[in-house]
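Me: I would like to take a careful look at one part of this model, and then see how that part sits in the chain around it.

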Amino acid sequence: MARTPSPTDTTPDVDAMRFERYAAMSPAEKAVRVVELTRAACLLALSGLRARHPGAQEQELLLRLAALRLGADAVSRAYGWRVPDGA
């Protein structure tokens, strides 16, 4: 599998070590890593939503997060909720 260069300041030897460790992980370990990273991304997104919408209730913030992840149309169809300000 070809690797594309990372647009970071990581050196090639450290990058190679990282890929070796990922290759050595079991499927279960990789799944745990994906879940952890997804959870972290959601928490960061929620933090940003709280900063942009300080008066919003938790339910609205979660719906806004769903709209970011799934699209406003999918959230509207699934939950009957539209993002009030279009964002």
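In which helix is the place of Leu 62?

Reply: In this predicted model, Leu 62 has its place in helix H3, and that helix is a good part to study slowly. Leu 62 has a relative accessibility of 43%, which lies between the cut-offs of 20% and 50%, and therefore Leu 62 counts as partly exposed. Its C-alpha atom is separated by 7.6 Å from the C-alpha atom of Leu 46, although the two residues are 16 residues apart along the chain.

Helix H3 itself covers residues 58–70, and it packs with helix H4, residues 72–79, at an angle of about 130°, while the axes of the two helices are 7 Å apart. Because an angle between 115 and 145 degrees counts as oblique, H3 is described as oblique to H4. On the H3 side of this contact are Leu 63, Ala 66, Ala 67 and Leu 70, and they meet Ala 72, Ala 74, Val 75 and Tyr 79 of H4. Sorted by type, the residues of the contact are eight nonpolar, no polar and no charged.

As for the setting, the chain contains four helices and zero strands, so that reading along the sequence gives the pattern α-α-α-α. Of its 87 residues, 20% count as buried, and the chain exposes about 6,900 Å², with carbon and sulfur atoms supplying 59% of that area. Finally, when contacts between residues at least 6 apart in sequence are considered, 10% of them join residues at least 24 apart.

Definitions and conventions:
Residues numbered from 1 in each chain as written. Predicted model: local features only at pLDDT ≥ 70, side-chain atom pairs only at ≥ 80, totals over all residues. Heavy atoms only, no water. Buried < 20%, exposed > 50% of the residue type's maximum accessible area, 1.4 Å probe, protein only. Contact = heavy atoms within 4.5 Å. Areas by Shrake-Rupley, 256 points an atom, 1.4 Å probe, with all protein chains shown as cover. Axes fitted to C-alpha atoms, helices over the stretch in contact; angles between N-to-C directions. Parallel < 35°, antiparallel > 145°, perpendicular 65-115°, else oblique. Nonpolar A, V, L, I, M, F, W, Y, C, P; charged D, E, K, R; others polar.
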